[in-house]
Amino acid sequence: MIRIADANIICFADLNKVSTADLLTYYNSVTGKNTKQFLKRAKGMQQVWALIEPQLVQLEEAAQEEPAEVAPEPAESVQEPVTPGAVGAAPAPTAPSTAEEPVEGAATAQAKAQPAGLKARVDELLAALASGPRTVAELAEMLGMDQKRARSTIDTARRSGHTIACVGRGTFALPEADQ
């Protein structure tokens, strides 16, 4: 979890809780730039998410690695960048550099355990659609992702041979035989 202003960020949707000014402050502190404003709030949210997402992945890997290790010190040093005043880019590299090999080992073990990307979510999507037509917003909420990623998961399912019909504006369903 990353903290910006008073909001805990664990997914893209959580950035809606943060003011544009706080997003800009966080962006400038992490990048070292002196940006005055974002072209659009949505673009600013995307830019901030691009900075946060790798840190969240790193925190997840550290959390998965923690039960395997006895010493909790590496996990604490990885969590330091989540403080809102700290520059996220500077402290983050120090933790992996002291224990690079275990982090890479955890990542490869995780990659072997789960298929990467949206293909891993196709079965969850099909299960959600099995009970009837769903809007993209409903699918995104059920799958715990933003709407853009939900649409991408639908496209991935179609590319892998599943039939998903568009039954209305932003509403998708499986063919009746598959339900």
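**Exercise 1. Getting oriented**

Among contacts in the chain between residues at least 6 apart in sequence, what percentage join residues at least 24 apart? While you're at it, work out the order of helices and strands.

*Solution.* Keep in mind that this is a predicted model.

- Step 1: take the contacts between residues at least 6 apart in sequence; 49% of them link residues at least 24 apart.
- Step 2: tally the elements, and you get eight helices and five strands.
- Step 3: walk along the sequence, and the pattern reads β-β-α-α-α-α-α-α-β-α-α-β-β.
- Step 4: check burial, and 33% of the 179 residues in the chain turn out to be buried.

**Exercise 2. A three-stranded sheet**

Find the strand order in the open sheet, and say which strands stand at the edges.

*Solution.*

- Step 1: the order is S3-S5-S4, with antiparallel pairing.
- Step 2: S3 (134-135) and S4 (165-168) each have a single partner strand, so both are edge strands with one side lacking a neighbour in the sheet.
- Step 3: now zoom in on S4 and S5 (residues 171-173), which run antiparallel and are joined by three bridges. Across this pair, Ala165 sits opposite Ala173, and Gly168 faces Thr171.
- Step 4: look at the connection. S4 and S5 make a hairpin with two residues between them, and Gly170 in the turn has a positive phi of about 70°.

**Exercise 3. Does H1 have the right length?**

Compare the expected span of H1 with the distance between its end C-alpha atoms, then work out what its buried residues pack against.

*Solution.*

- Step 1: H1 has twelve residues, so at 1.5 Å a residue it should span 16 Å.
- Step 2: the end C-alpha atoms are 16 Å apart, in agreement with that figure.
- Step 3: list the buried residues of H1, which are Leu23, Leu24, Tyr26, Tyr27, Asn28 and Val30. The partners of the buried residues are S1 and H2.
- Step 4: step past the end of H1 and you meet Gly32, with a positive phi near 80°.

**Exercise 4. Who anchors the largest nonpolar core?**

Which members of the largest nonpolar core touch the most other members?

*Solution.*

- Step 1: this core has 18 residues, and the best-connected ones are Ile2, Ile4, Ile9, Leu15, Val48 and Ile52.
- Step 2: sort by element. Strand S1 (2-4), strand S2 (7-9), helix H1 (20-31) and helix H2 (41-65) each give two or more residues, with H2 supplying the largest share at six.
- Step 3: follow one member, Ile52. Leaving out residues up to four places away in sequence, Ile52 touches Ile2, Ile4, Ile9, Leu15 and Tyr26.
- Step 4: apart from this core there's another one, of 16 residues, including Leu125, Leu143, Met145 and Ala157.

**Exercise 5. A helix crossing and a buried alanine**

Describe how H7 and H8 cross, then decide whether Ala157 is buried or exposed.

*Solution.*

- Step 1: the axes of H7 (residues 136-143) and H8 (residues 147-159) come within 8 Å and cross at roughly 95°. H7 is therefore roughly perpendicular to H8.
- Step 2: the contact uses Val136, Ala137, Leu139 and Ala140 from H7, and Gln147, Ala150, Arg151 and Ile154 from H8.
- Step 3: Ala157 also lies in H8, and because its relative accessibility is 0%, Ala157 counts as buried.
- Step 4: skip residues up to four places away in sequence, and Ala157 touches Val122, Leu125, His162 and Ile164.
- Step 5: compare chain separation with distance in space. Ala157 and Ala120 are 37 residues apart along the chain, with 10.0 Å between their C-alpha atoms.

Methods. Residues numbered from 1 in each chain as written. Predicted model: local features only at pLDDT ≥ 70, side-chain atom pairs only at ≥ 80, totals over all residues. Heavy atoms only, no water. Pairing = 2+ DSSP bridges. Helix = DSSP H or I, 4+ residues; strand = E, 2+ residues; numbered from the N terminus. Core = buried A, V, L, I, M, F, W, Y, C linked by side-chain atoms within 4.5 Å. Buried < 20%, exposed > 50% of the residue type's maximum accessible area, 1.4 Å probe, protein only. Contact = heavy atoms within 4.5 Å. Expected span 1.5 Å × (residues − 1). Axes fitted to C-alpha atoms, helices over the stretch in contact; angles between N-to-C directions. Parallel < 35°, antiparallel > 145°, perpendicular 65-115°, else oblique.
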